[in-house]
Amino acid sequence: MRIPAWLTLGVAILVLIFGAFRLWLAFRPEKKAAADGDDGAVRSRSRGIYAMRKRTHLLIGIIYMLLGVGLTATVFGWNPFGNSIGPGTTEPTPQTAPTKQTIPIDQLPKPDKK
């Protein structure tokens, strides 16, 4: 079973959007209290994803952007593993290639008409 290309592209777009959001978090302007040197106070009030350091947001954002680009590239034929996964195939020779003949016709005699 193959995954449809539109579904893979949809997931890739979501991954790219989330990666761009993480990059935005990494480069957003500092709050007033953080600019005064009270970084611990601001971080203690922040919760969840906003409590992470900017460098971490940058790293995770870059990883998400690379994953999104990789998903998009696989839709267009890029195989990250090359020929290392999957069965090996050989080019058929003229002796083993499918023939151009039609299905053989039955050689039985025609039935008698009564």
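Helices in this tour are DSSP runs of H or I with at least four residues, numbered from the N terminus. With that in hand, select Phe 27, which sits in helix 1. We will come back to Phe 27 after a look at the whole chain.

**The whole chain**

Keep in mind that this is a predicted model. Show the chain as a cartoon and you will find four helices and zero strands, in the order α-α-α-α along the sequence. Now colour by pLDDT: the chain averages 82, and 81% of the residues score at least 70. Where is confidence lowest, and where is it highest? Helix 3, residues 39–45, has the lowest mean, at 57, while helix 1 has the highest, at 96.

Two chain-wide values are handy before you zoom in. Of the 114 residues, 13% are buried. Among contacts between residues at least 6 apart in sequence, 81% join residues at least 24 apart.

**Stop 1: Phe 27**

Return to Phe 27 in helix 1 and turn on its side chain. Is Phe 27 buried or exposed? Its relative accessible area is 63%, so Phe 27 is exposed; the cut-off for that label is over 50%. Setting aside neighbours within four places in sequence, Phe 27 is in contact with Lys 54 and Leu 58. Draw a distance from the C-alpha of Phe 27 to that of Lys 54: the two are 7.3 Å apart in space and 27 residues apart in sequence.

**Stop 2: Arg 22**

Stay in helix 1 and select Arg 22. You may like to compare its label with that of the previous stop: Arg 22 has a relative accessible area of 5% and is therefore buried, since buried means under 20%. Which residues does Arg 22 touch, not counting those up to four places away in sequence? They are Ile 49, Met 52, His 57, Ile 60 and Gly 61. Show these as sticks and leave them on, as His 57 is the next stop.

**Stop 3: His 57**

His 57 belongs to helix 4. Its relative accessibility is 1%, so His 57 counts as buried. Look for a polar contact here: the side chain of His 57 reaches the backbone oxygen of Ile 49 at 3.0 Å. Now widen the selection to the residues His 57 touches, leaving out those up to four places away in sequence: Arg 22, Leu 25, Ala 26, Ile 49 and Met 52. Arg 22 from the previous stop is one of them.

**Stop 4: Thr 74**

Follow helix 4 along to Thr 74. Thr 74 counts as partly exposed because its relative accessibility is 32%. Beyond residues up to four places away in sequence, Thr 74 touches Thr 8 and Pro 80. For another distance to draw, pick the C-alpha atoms of Thr 74 and Leu 9: they lie 9.5 Å apart, with the two positions 65 residues apart in sequence numbering.

**Stop 5: the second largest pocket**

Keep Thr 74 selected and add the other residues that line the second largest pocket: Arg 2, Ile 3, Pro 4, Ala 5, Thr 8, Leu 71 and Val 75. Helix 1 (5–27) and helix 4 (54–75) are the elements that give two or more residues to this lining. Which element gives the largest share? That is helix 4, with three residues. Colour the lining by class and you get five nonpolar, two polar and one charged residues. The pocket has a volume of about 150 Å³. If you would like to see such space for yourself, rolling a probe the size of a water molecule over the atoms shows where empty space is left.

**Stop 6: Trp 78**

Finish in the segment after helix 4, where Trp 78 lies. Trp 78 has 47% relative accessibility and so counts as partly exposed. Not counting residues up to four places away in sequence, Trp 78 touches Gly 70 and Ala 73. Show those two with Trp 78 for the last view of the tour.

Technical notes. Residues numbered from 1 in each chain as written. Predicted model: local features only at pLDDT ≥ 70, side-chain atom pairs only at ≥ 80, totals over all residues. Heavy atoms only, no water. 1 Å grid on protein atoms, 1.4 Å probe; cavity = no way out; pocket = protein on both sides within 12 Å on 5 of 7 lines; lining within 4 Å. Points joined across faces, edges and corners; volume = space filled by probe spheres on them. Nonpolar A, V, L, I, M, F, W, Y, C, P; charged D, E, K, R; others polar. Buried < 20%, exposed > 50% of the residue type's maximum accessible area, 1.4 Å probe, protein only. Polar contact = N/O pair within 3.5 Å; in protein donor to acceptor, adjacent residues only side chain to side chain. Contact = heavy atoms within 4.5 Å. pLDDT = per-residue confidence, 0-100.
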